[in-house]
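Please look over the model shown below, and then read on for a short report on how two of its parts meet and on what surrounds its ligand.

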Amino acid sequence: MGSEGYFRGLVEFSNECIFDCSYCGIRKSNTAVERYCLSKDEIIETALWCARQGYGSIVLQSGQQSNREFIELIVGGVQQIKQRSRSSVLPHGLGITLSVGEQSKETYRRFFDAGAHRYLLRVETTAKELFEKFHGPEKTLQRRVTCLETMKKTGFQVGTGVMIGLPGQTLNDLANDILFFKDIDADMIGMGPYLVHHETPMNGYRDEIAERKNEIFQLSLNMIAATRIALKDVNIAATTALQTIDQKGREMGLMYGANVIMPQATPRHVRNKYLLYDGKPCVDESAADCAACLEQRIAATGRAIAWNSWGDPCHFFTRTGNQD
Ligand code: SAH
């Protein structure tokens with residue numbers, strides 16, 4: 001994938017969620033969370049800000065919903081972002097990745113036709129017992145995998161990933177996760193350490209996870225390296241969760257084989273409401289601060305940033321035979 005790092009402006013546009021995943025801070029049952037959803041105009045403005053920064057690509061992420069209003073917000077938002085972000089440096093507009101959960105085949109098609117060309121859906125863990133333990137009965141591993149297959153057929157560049165250090169997760173489980181990435185022929189991988197959120201049923205693991213902090217951090221870096229070796233020509237993100245454990249976590253992710261970094265672009269007035277885990281970094285900084293800070297962080301690793309570029313993974317073109 002070369003030595004350049006790709007930026008994706010991260011826009012966390014809603015924390016409303018119908019699921020109750022036991023690790024996640026914005027799970028449905030967490031009544032302590034103040035729920036929000038940005039308006040279409042706010043989403044578009046944020047995206048255009050990213051384009052002006054030279055990010056080239058954005059990720060629109062949210063909790064999971066499937067109601068009509070939500071789907072229309074995304075379809076309309078994506079269409080307008082594509083139109084309005086076109087410029088001499090971005091002739092095809094911003095690259096848009098969606099990370100908005102499990103949707104129907106028809107909905108994936110509508111998102112794709114609107115102009116999104118990548119989709120991220122982490123499988124979370126491929127160990128069935130663990131998956132079942134940490135999710136309610138309404139969320140199944142099988143459905144998650146089916147969604148990934150559907151996205152691929154729809155034409156998306158497909159991303160998946162797992163959490164690392166989940167209580168009870170073994171090295172064998174993690175090795176199987178990498179084999180799964182290969183089997184499903186993923187184009188992009190996003191992985192990070194599991195971190196405790198105090199308002200979740202998994203808060204009881206707090207001490208155990210705190211004790212294993214260094215081990216989980218190293219394991220997360222090793223997962224990036226092993227995935228890079230096994231999958232080669234995919235995009236791999238150095239995720240924010242890495243930086244929660246270690247100040248230099250994201251740079252280290254790049255050094256271990258990641259090539260994507262996601263500067264926080266979520267408007268500041270809602271940023272502290274999208275807390276999936278405790279200790280999330282960059283909550284108080286402005287989006288402009290995050291841009292400058294990350295640029296320095298990448299430069300410190302000796303890598304260059306590919307400005308105004310979609311930064312598509314070579315794997316997608318090899319997999320589909322598409323030479324564009
Ligand atoms: N609703 C979307 C986006 C989920 S949030 C979807 O279903 O895909 C993005 C990711 O954050 C999740 O896939 C999960 O892997 C991660 N995450 C959630 N809670 C976490 C926690 N406590 N620690 C670390 N990662 C977490």
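## Helix crossing

Helix 6 passes helix 8 in a right-handed crossing, meaning that the near helix is turned clockwise from the far one by less than a right angle; helices here are DSSP runs (H or I, at least four residues), numbered from the N terminus. This is a predicted model, in which local features need pLDDT of at least 70, side-chain atom pairs count only at pLDDT 80 or more, and totals for chains, interfaces and linings use all residues. Residues are numbered from 1 along each chain as its sequence is written, and side-chain values use heavy atoms, with hydrogens and water left out.

In contact (heavy atoms within 4.5 Å), Leu171, Leu174, Asp177, Ile178, Phe181 and Lys182 of helix 6 meet Leu219, Met223, Ala226, Thr227, Ala230 and Leu231 of helix 8.

## Ligand surroundings

The ligand has polar contacts, that is, pairs of N or O atoms within 3.5 Å: an oxygen atom of the ligand is 2.5 Å from a side-chain N or O atom of Glu124, while a polar side-chain atom of Arg122 lies 2.8 Å from a ligand oxygen atom. For Ser62, a backbone N or O atom lies 2.9 Å from a nitrogen atom of the ligand.

Key: Helices (H or I, at least four residues) and strands (E, at least two) are DSSP runs, numbered from the N terminus. A polar contact is a pair of N or O atoms within 3.5 Å; within protein, one must be able to donate a hydrogen and the other to accept it, and residues adjacent in sequence count only if both atoms are side-chain atoms.
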